[in-house]
Amino acid sequence: MAAAASMTATSLTLALLPPQGLRGSTRSLPSTKPQRWFSRKAGSNWVTAKFELKPPPYPMNALEPHMSQETFTYHWGKHHRAYVDNLNKQIVGTELEGLSLEEIIIVSYNKGDILPAFNNAAQAWNHEFFWESMKPGGGGKPSGDLLDLIERDFGSFERFIEEFKSAAATQFGSGWAWLAYKANRLNVDNAVNPWPSEKDKKLVVVKSPNAVNPLIWDYFPLLTIDVWEHAYYLDFQNRRPDYISIFMEKLVSWEAVSARLEKAKAQVAEREMEEERRKKEEEEEDDEDVEMYVDSNTDDSEAE
């Protein structure tokens, strides 16, 4: 029965993963991988893995006066910690245990029919990504390829700032606003997207409710701002637009965003090469099948 249960769990996991795999996942980025520790039960071969709360990449007071140490301490030490702790409790002994955080997000999103682990998994991922989207002395303007793409896809850097601020300010209730690299054609959750052309590859601004993030659309997240009230209420009370402006002008790490863009483009190029190899292998297999069929007919005619 144990073996049967294991097979069922594996089948469920594979069934819920999108057929194209985690093409939109940023799991290869070190900055988005929560630390994990492993333990072995005495006298058994059963190994468990747990996600750990990763410290932010700067001291708790490093973003002052724009984000207070009090806000950061509560936000990271209470809210983020709770998401990680609750996720570990939810996945232990389930088919989700042992998967990467990105895989848990995709599987538990379940094409919109959200499973219990999704909110904690996505919020754990979102918050770590958020901390690493900021730096002391941030803000300003990006450069290089990132700036070129922003100007191409939004018309100007100023237009992008307006669109990002608007998305963050108008997200009703709790949620997030994102800059993402879109490398597919369809905006369908967990869909098998038609292979993109170059014109399909572009930067987009999106907003998402609650814990939802762009991974479930097969997008590559580049930048995010948390607009849950606990992210800003101690410092800004109900003045969300002021918080958003300070974030963009004083806190954004454009270096982190640029690095994410380069890795996203590399991942897209890699998966396109894999797709080309797959197509070539299928064509070669089809040619072999045709040749075998012709040879078979030839043998039959000779036998007659």
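Helices (H or I, at least four residues) and strands (E, at least two) are DSSP runs, numbered from the N terminus. The model is predicted, so local features need pLDDT of at least 70 and side-chain atom pairs count only at pLDDT 80 or more, while totals for chains, interfaces and linings use all residues. Residues are numbered from 1 along each chain as its sequence is written, and side-chain values use heavy atoms, with hydrogens and water left out.

**Exercise 1.** State how E275 and R278 are placed in helix 9 and what joins their side chains.

Solution.
- Step 1: E275 and R278 are three residues apart in helix 9, which means a separation of about one helical turn.
- Step 2: Their side chains meet in a salt bridge (2.4 Å, N to O). A salt bridge is a side-chain nitrogen of Lys or Arg within 4 Å of a carboxyl oxygen of Asp or Glu.
- Step 3: E275 has a relative accessible area of 15% and is buried, whereas R278, at 35%, is partly exposed. Buried means under 20% relative accessible area, exposed over 50%, and partly exposed in between (1.4 Å probe, protein chains only).

**Exercise 2.** Find which parts of the chain the salt bridge of D145 and K265 links.

Solution.
- Step 1: The closest N and O atoms of D145 and K265 are 2.2 Å apart.
- Step 2: D145 is in helix 5 and K265 in helix 9 (residues 254–303), so distant parts of the chain, 120 residues apart, are linked.
- Step 3: D145 is partly exposed at 27% relative accessibility, and K265 is partly exposed at 28%.

**Exercise 3.** Do the same for E249 and K165.

Solution.
- Step 1: A salt bridge joins the side chains of E249 and K165 (3.7 Å, N to O).
- Step 2: Because E249 lies in helix 8 (residues 240–251) and K165 in helix 6, the pair ties together parts 84 residues apart in sequence.
- Step 3: E249 is partly exposed with a relative accessible area of 44%; K165 counts as partly exposed at 23%.

**Exercise 4.** Locate S133 and name the residue whose backbone oxygen lies 2.8 Å from a polar atom of its side chain.

Solution.
- Step 1: S133 is in the loop between helix 4 (118–131) and helix 5.
- Step 2: S133 counts as buried because its relative accessibility is 0%.
- Step 3: The backbone oxygen in question belongs to F129.

**Exercise 5.** Place the salt bridges in the whole structure.

Solution.
- Step 1: A search of the whole structure finds 11 salt bridges.
- Step 2: K54, E128 and E132 are linked in a network of salt bridges.

How values were computed: Polar contact = N/O pair within 3.5 Å; in protein donor to acceptor, adjacent residues only side chain to side chain.
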